[in-house]
Amino acid sequence: MLKKFGSVVTNNFGLKVLSIIFAIIMWLVVVNIDDPKITKTFTTTVSITNESAISDMGKYYEVVDGKNTVTFAVSAKRSLIEDLSGSDFKAVADMSLIEDLSRVPIEISALHYTNQISIITRNQYLDVTVGNLQTQSFIIVPRDSGTPASGSVVGSVSVSPNVLKVSGPAEIVSTIDKVTATIDVSNMSMDISDNVIPKLYDSGGAEIDTTNLSMNLSTVTVSAEILNTKEVGLNFQTTGKPADGYQLTSVSYEPETVQVKGAAEDLKKLDMITIPKDVLDISDAEGDITKTVDISSYLPDGVELVDTAAKDISVTVEIEQASTKVFDMPVANITVNNLKSGYEAEFEGNTVKVIIAGFASDLNDLDASKLTGTIDASGLKEGEHTLTLKLDLPDQYSASGTQTATFHIVKK
């Protein structure tokens, strides 16, 4: 039996081996005809690695025209390649391999079927522009916008943290003039805090685009104090006395009231701002005094002016010089003393003129019909006489010089 099987196997052995080889070849041909290798192009996004290699040189980079994709050809069997897309491949640009500071080699690899796929490679590069990198720190200025609720004003505004570190192209960073963080206080009647994105401005006040900049803070906390307001009066006092013959007539100032802000409990205690006497010293003054007084230093703790520009108050102290005025004094109000018995005094006319010294405001209030005076006629004989008239005057008045009156002594 074994001999018979062996003869069957060895009989025409070469022909049989040849037949097997032919069959394999035919199978390969059929397979390749039915599922041939083809080439197809794909596009994928380029991932950038080792970016610190650029920043470590004190420089930054930008992809030319913002194009960070690459197109490449792949060869594989049709049954496989037709199911592939760009997401099945990885393209990496390693910044540490940059050439001439202008282009970076791109390495392309398959994420799957690596043994069945051939990437038709050619030199692929990511084109970049490289410039100087600048890093600078800026103080953040806190601001407020909007109008608080009626009867309220904004007090102090603060920001935390208050320093922003900015890195980016030198030509952009160098244009930064200030950094602000603004909180909206519209209709607020109590303290408020909010997270705010800092904004960068150039010297012309234009906002700077931060797309190509990196900052160590994305937001900061801005807090605004909301205070109550109150309108209060001013009280100016004086010290000293004007020169002889002068008097203080009035103290006037503009405005007469100011608006202040503070906590409710602080404002409740305040009805008037009193300016100390020594601020307005009128000692030996011989004319009006005009002075600008900063009232902010006389506010109680916890209270401030709503409008800081209103701190300077213009004060005028009016100093009046004594003057004289002529009055027609009724002769009926003159008493002639010490006349001889049987004689009497007769005046020419119903009044005599007298000159009285005093301040204008007082002189204007003096009623001539109420003036009184006396004449001493001791030892006088019958006839015409001109004698000194002694006036009876209140303390704010005095006779200007010697006052006289002419009269006749006649028998009754």
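**Exercise 1. Serine 156.** Leaving aside neighbours within four places in sequence, serine 156 is in contact with Ser223, Ala224 and Glu225. Place serine 156 in its strand, classify its exposure, and give its C-alpha distance to glycine 383.

*Solution.*
- Step 1. The model is a predicted one. Serine 156 belongs to strand S8, which covers residues 152-160.
- Step 2. Its relative accessibility is 47%. Partly exposed spans the range between 20% and 50%. Serine 156 therefore counts as partly exposed.
- Step 3. Glycine 383 is 227 residues away from serine 156 in sequence. In space, the two C-alpha atoms are 90 Å apart.

**Exercise 2. Threonine 180.** Is threonine 180 buried or exposed? Which residues beyond its sequence neighbours does threonine 180 contact?

*Solution.*
- Step 1. Find the element. Threonine 180 sits in strand S10, residues 178-184.
- Step 2. Apply the cut-off: buried means under 20% relative accessible area. Threonine 180 has 3%, so it is buried.
- Step 3. List the partners, skipping residues within four places in sequence. Ile140, Val141 and Arg143 are among them. Ile197, Pro198, Lys199 and Tyr201 are also in contact with threonine 180.

**Exercise 3. Histidine 385.** Work out the setting of histidine 385: its strand, its burial, its contacts and the partner of its polar side-chain atom.

*Solution.*
- Step 1. Strand S26 runs over residues 383-388 and holds histidine 385.
- Step 2. The relative accessible area of histidine 385 is 18%. The limit for buried is under 20%, so histidine 385 is buried.
- Step 3. Leave aside neighbours within four places. Histidine 385 then contacts Leu380, Ala405, Thr406, Phe407 and Ile409.
- Step 4. Look at the polar atoms. A polar side-chain atom of histidine 385 lies 2.7 Å from the backbone oxygen of lysine 381.
- Step 5. Relate this site to lysine 199, one of the contacts of threonine 180. Histidine 385 and lysine 199 are 186 residues apart in sequence. Their C-alpha atoms are 98 Å apart.

**Exercise 4. Lysine 291.** Which backbone oxygen does the side chain of lysine 291 reach? How far is its C-alpha atom from that of aspartate 312?

*Solution.*
- Step 1. Lysine 291 lies in strand S18, residues 289-294.
- Step 2. At 36% relative accessibility, lysine 291 is partly exposed.
- Step 3. Beyond four places in sequence, lysine 291 touches Val279, Leu280, Ile313, Ser314 and Val315.
- Step 4. Take valine 279 from that list. The lysine 291 side chain reaches the backbone oxygen of valine 279 at 2.7 Å.
- Step 5. Aspartate 312 is 21 residues from lysine 291 along the chain, with 9.8 Å between the C-alpha atoms.

**Exercise 5. The whole chain.** Compare the radius of gyration of the chain with that of a compact globule of 412 residues. Then describe box, burial, contacts, surface and charges.

*Solution.*
- Step 1. A compact globule of 412 residues would come near 22 Å; the chain has 54 Å.
- Step 2. Along the principal axes, the C-alpha atoms fill a box of roughly 205 × 45 × 30 Å.
- Step 3. Count the elements: seven helices and 29 strands.
- Step 4. Of the 412 residues, 32% are buried.
- Step 5. Take contacts between residues at least 6 apart in sequence. Of these, 74% join residues at least 24 apart.
- Step 6. The exposed area is about 24,700 Å², with 48% from carbon and sulfur atoms.
- Step 7. The chain carries 32 positive and 55 negative charges, and their mean positions are 13 Å apart.

Technical notes: Residues numbered from 1 in each chain as written. Predicted model: local features only at pLDDT ≥ 70, side-chain atom pairs only at ≥ 80, totals over all residues. Heavy atoms only, no water. Helix = DSSP H or I, 4+ residues; strand = E, 2+ residues; numbered from the N terminus. Rg over C-alpha atoms; globule rule 2.2 N^0.38 Å. Buried < 20%, exposed > 50% of the residue type's maximum accessible area, 1.4 Å probe, protein only. Contact = heavy atoms within 4.5 Å. Areas by Shrake-Rupley, 256 points an atom, 1.4 Å probe, with all protein chains shown as cover. Lys, Arg positive; Asp, Glu negative; His and termini not counted. Charge placed at Lys NZ, Arg CZ, Asp CG, Glu CD. Polar contact = N/O pair within 3.5 Å; in protein donor to acceptor, adjacent residues only side chain to side chain.
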